[in-house]
Amino acid sequence: AASWNPAGLGQLKGMQFSAMHLKYIEDINFEYLAASMPFGEWGSLAVSGAYMAVPPFDSTDPALNGTAKGSASDAVVALSWGGSFGPLSPDTPEFKDVYYGLSGKMIYRSLGGYSPTGGEGQTFTAVAGAVDLGAFWAYTPVLSFGAMVQNIGSTVTFLGDESDALPFAFRAGVAWRGYDEDWLRATMLADAVKSYDPDGGKPGSAWGGVGT
């Protein structure tokens with residue numbers, strides 16, 4: 001929930017912890033860690049982080065052999081809150097099944113391997129901030145809807161003018177728990193994403209997925 005839609009945190013009933021380690025191709029490592037704690041009927045707080053790193057590598061350009069090895073890493077740390085609109089509007093009981101969520105994120109990026117003429121290799125870093133906004137509606141016990149606006153924030157900027165826009169996107173999804181027994185639970189899922197280029201140079205793209 002902290003990564004995909006913080007509004008889902010409002011449904012947690014107890015403390016939860018999640019961790020993942022992925023050893024990817026070419027020795028690329030990806031790490032993820034998250035922990036959450038509920039605060040009664042008001043909602044839940046979560047702390048999460050992700051880190052991805054490429055080990056130092058030599059340039060494939062023969063003209064650059066002997067220069068500093070390249071390297072790259074990305075990291076994000078987020079503080080998320082999700083809760084129900086019910087406690088905010090106790091006179092409207094149907095609001096208890098509608099949830100909101102908010103995540104504040106700090107993004108760190110490192111690029112290494114640049115070697116000025118006659119100088120030693122240098123590593124450059126950049127920091128950016130972003131916010132995610134989410135909503136979740138438990139329409140029935142077996143059918144729910146979710147939506148999210150992702151990466152509202154600043155650009156990742158190196159050297160004052162070399163900047164990369166964050167992947168700003170809208171997400172929407174639906175889940176249907178078609179089978180729910182003690183020995184088996186099956187949920188059908190569908191998700192759609194529309195991305196936008198904040199710089200206006202590209203129209204963005206759209207994609208989706210289904211699963212169970």
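Buried means under 20% relative accessible area, exposed means over 50%, and partly exposed lies in between, using a 1.4 Å probe and protein chains only. This is a predicted model, where local features need pLDDT of at least 70, side-chain atom pairs count only at pLDDT 80 or more, and totals for chains, interfaces and linings use all residues. Residues are numbered from 1 along each chain as its sequence is written, and side-chain values use heavy atoms, leaving out hydrogens and water.

**Stop one.** Select Asn 151, found in strand β7 (residues 143-153); strands are DSSP runs of E, at least two residues, numbered from the N terminus. Asn 151 is buried, at 9% relative accessible area. Now check its backbone: phi is near 65°, a positive value in a residue other than glycine. Most residues other than glycine have a negative phi.

**Stop two.** Next, go to Ala 19 in strand β1 (residues 16-23). Is this residue buried or exposed? Ala 19 is exposed, because its relative accessible area is 53%. Beyond the neighbours within four places in sequence, Ala 19 is in contact (heavy atoms within 4.5 Å) with Tyr 32 and Leu 33. Add Ala 50 to your selection: Ala 19 and Ala 50 are 31 residues apart in sequence, and their C-alpha atoms are 9.8 Å apart in space.

**Stop three.** Finally, pick Leu 45 in strand β3 (residues 44-57). With a relative accessible area of 32%, Leu 45 is partly exposed. Now add Met 15, Met 37, Phe 39, Val 47 and Leu 79, which together with Leu 45 make a nonpolar surface patch of about 560 Å². Patch residues have over 30% relative accessible area and no salt bridge (a side-chain nitrogen of Lys or Arg within 4 Å of a carboxyl oxygen of Asp or Glu), with nonpolar side chains joined within 5 Å. Accessible areas come from the Shrake-Rupley method with a 1.4 Å probe.

Note on methods. Helices (H or I, at least four residues) and strands (E, at least two) are DSSP runs, numbered from the N terminus. Patches are made of residues with over 30% relative accessible area and no salt bridge: like charges are joined within 9 Å, nonpolar side chains (Val, Leu, Ile, Met, Phe, Trp, Tyr) within 5 Å.
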